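Hi,

Here is the structure I promised to pass on. Have a look at it first, and then read on for what turned up when I went through it.

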Amino acid sequence: MGGARVSVAVVGSRTEAELIVGLLRSHGVSAVVSADDAGGQYPQWQAEGVHVLVAPSDEASARQLLAADDTSS
């Protein structure tokens, strides 16, 4: 996934972000995790949160999927 990316979620852990990425990918949305934690070696560095990023063209779909997932919980 090259080019610009937009954040569609900010969560407290890499694990939670990876679950969200899996959900998005299972619906055909290309997504990646962005965390300033040295590749998971220093999770305490995640004070700013862990971001889930998608292409701008996928932002609306991703937000819709995440909103639908929130209401099903």
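The accessible surface of the protein comes to about 4,500 Å², and 50% of that belongs to carbon and sulfur atoms. Please keep in mind that this is a predicted model. Of its 73 residues, 26% count as buried.

The layout is quick to learn. There are two helices and three strands, and starting from the N terminus they come in the order β-α-β-β-α. If you look at contacts between residues at least 6 apart in sequence, 66% of them join residues at least 24 apart.

Now the sheet. Its three strands make an open sheet with the order β1-β3-β2, and the pairing is antiparallel. The edges are β1 (6-11) and β2, each of which pairs on one side only. On average, neighbouring strands here are turned by 30° against each other, if you ignore direction. As a general reminder, strands of a sheet pair through backbone hydrogen bonds.

Looking at the two pairings in turn, β1 and β3 are joined by five bridges, and Val10 sits opposite His51 of β3. On the other side, β2 pairs with β3 (residues 50-54) over four bridges, again antiparallel. How enclosed is β3 by the rest of the structure? Largely, because four of its five residues are buried.

Helix α1 (residues 14-26) lies across β1, β2 and β3, and it runs at about 170° to β2.

A good residue to click on is Val33, which you will find in strand β2 (residues 31-34). Its bridge partner in β3 is Val52. Which residues does Val33 contact, once its neighbours within four places in sequence are left aside? They are Arg14, Ala17, Glu18, Val21, Val50 and His51. Take Glu18 from that list: Val33 and Glu18 are 15 residues apart in sequence, while their C-alpha atoms are 6.7 Å apart in space.

Next, the inside. The largest nonpolar core has 14 residues, and the ones with the most contacts inside it are Val8, Ile20, Leu24, Val52 and Val54. The elements giving two or more residues to this core are β1, α1, β3 and α2, with α1 giving the most, four residues. Val52, the bridge partner of Val33, is thus a name you meet twice, as it is also among the core residues with the most contacts.

Leu24 deserves a look as well. Not counting residues up to four places away in sequence, Leu24 touches Val8, Val29, Ala31, Val52, Val54, Ala62, Leu65 and Leu66. Three of the names on that list, Val8, Val52 and Val54, also appear among the core residues with the most contacts.

Last, the charged pair. How many salt bridges does the structure hold? Just one. It links Glu59 with Arg63, and the closest N and O atoms are 3.0 Å apart. Both residues lie in helix α2 (residues 59-72), four residues apart, which is about one turn of the helix. Are these two buried or exposed? Something in between: Glu59 has 26% relative accessibility and so counts as partly exposed, and Arg63, at 39%, also counts as partly exposed.

Happy browsing, and send me any questions.

Best wishes

Conventions:
Residues are numbered from 1 along each chain as its sequence is written. This is a predicted model: local features need pLDDT of at least 70, side-chain atom pairs count only at pLDDT 80 or more; totals for chains, interfaces and linings use all residues. Side-chain values use heavy atoms; hydrogens and water are left out. A salt bridge is a side-chain nitrogen of Lys or Arg within 4 Å of a carboxyl oxygen of Asp or Glu. Buried means under 20% relative accessible area, exposed over 50%, partly exposed in between (1.4 Å probe, protein chains only). Contact means heavy atoms within 4.5 Å. Two strands pair if DSSP finds at least two bridges between them. Axes are lines fitted to C-alpha atoms, for helices over the stretch in contact, and angles run from 0 to 180 degrees between N-to-C directions. A nonpolar core is a set of buried Ala, Val, Leu, Ile, Met, Phe, Trp, Tyr and Cys residues joined through side-chain atoms within 4.5 Å. Accessible areas come from the Shrake-Rupley method with a 1.4 Å probe; for residues, only the protein chains shown count as cover.
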